[in-house]
Amino acid sequence: MDMWDKFNLTMLPSHGKLFVAIFTALMLAVMVWAGGLAAIESGIFGDDEDEMQAQAAYDYQADMEAITTDSQAVTAPNWADSGQEEPITNEDLGKFAGSSGETTWDKFVDNLKLGHVHLNGHTALFFALGVIFFFSTASIKRKKLVYWIFGSAILIHAIGLAGTDTCPYAKIFIYIGGPLILLSVFYMSIKIFSDLRKKGAA
């Protein structure tokens, strides 16, 4: 008999089971929370009605024309030179309108950083929950399958995040990787909780 087969979660003392149960519940809460936020931001539950109405009612062109007209009569003071005034330029109008000079490369770099953060966090989750799942009573074949799915999903999800707004297929990666991560965590958690309820052999 393999040395690892001699111990599993059912053999933990009561305080050990309590620790594992709380940890697993917290990890599950993290993933449910993240999944809920992702669903809200993706618009699955519908966009904010007030925000949609405001966007539909906003007339960008009219707003710019009004600002341009006002700028002909109003000047911005140059505080660095004894009250000397200088007219508001088109560049200033762009800033007032909330336009950003962010390029596609800038977006890619920002999303690359976001993907890296998620890759770090999910990898830590994979290790922490994976170690506990290793000592569950699930079969070796089932453990290998879950590890492969979980690990691959983490990488797919991170790649998808890195390509958001710059790659047309990025959302496909996110929608594949995200649910697979959640399913992996749910299955591992259910199996862990199931083992914690059992009493191991003396």
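Q: Does Asn111 count as buried or exposed?
A: The model is predicted, so that local features need pLDDT of at least 70 and side-chain atom pairs count only at pLDDT 80 or more, whereas totals for chains, interfaces and linings use all residues. Residues are numbered from 1 along each chain as its sequence is written, and side-chain values use heavy atoms, with hydrogens and water left out. The scale is relative accessible area: buried is under 20%, exposed is over 50%, and partly exposed is in between (1.4 Å probe, protein chains only). Because its relative accessibility is 11%, Asn111 counts as buried.

Q: In which helix does Asn111 lie?
A: Helices are DSSP runs of H or I with at least four residues, strands are runs of E with at least two, and both are numbered from the N terminus. The protein has seven helices and two strands, in the order α-α-α-β-β-α-α-α-α along the sequence. Asn111 belongs to helix α5.

Q: With which residues is Asn111 in contact, leaving aside its neighbours within four places in sequence?
A: Contact means heavy atoms within 4.5 Å. With neighbours within four places in sequence set aside, the partners of Asn111 are Leu161, Ala162, Thr164 and Asp165.

Q: How far apart in space are Leu112 and Ala162, C-alpha to C-alpha?
A: Leu112 is also found in helix α5, and because its relative accessibility is 43% it counts as partly exposed. In sequence, Leu112 and Ala162 are 50 residues apart. In space, their C-alpha to C-alpha separation is 4.3 Å.

Q: What distance does α5 reach from its first C-alpha to its last?
A: Helix α5 covers residues 104-134, which is 31 residues. The expected span of a helix is 1.5 Å times one less than its number of residues, and for α5 this gives 45 Å. The reach of α5 in the model is close to that expectation, at 43 Å.

Q: Against which helices do the buried residues of α5 pack?
A: The buried residues of α5 are Asn111, Gly115, His122, Leu125, Leu129, Gly130, Ile132 and Phe133. Their packing partners are α1 (14-41), α6 (140-162) and α7 (170-196).

Q: Are α5 and α6 roughly parallel or roughly antiparallel to each other?
A: Axes are lines fitted to C-alpha atoms, for helices over the stretch in contact, and angles run from 0 to 180 degrees between N-to-C directions. Angles under 35 degrees count as roughly parallel, over 145 as roughly antiparallel, 65 to 115 as roughly perpendicular and the rest as oblique. The axes of α5 and α6 are 7 Å apart, at an angle of about 165°. The two helices are therefore roughly antiparallel.

Q: Does α5 pass α7 in a left-handed or a right-handed crossing?
A: The axes of α5 and α7 come within 10 Å and cross at roughly 25°, which makes α5 roughly parallel to α7. A crossing is left-handed if the near helix is turned anticlockwise from the far one by less than a right angle, and right-handed if clockwise. For α5 passing α7, the crossing is left-handed.

Q: How many nonpolar residues are in the contact of α5 with α7?
A: From α5, His122, Leu125, Leu129, Gly130, Ile132 and Phe133 meet Ile181, Val185, Tyr187, Met188, Ser189, Lys191 and Ile192 of α7. By class, this contact has three polar residues, one charged and, as nonpolar residues, nine. Ala, Val, Leu, Ile, Met, Phe, Trp, Tyr, Cys and Pro count as nonpolar, Asp, Glu, Lys and Arg as charged, and the others, Gly among them, as polar. The nonpolar number is thus nine.
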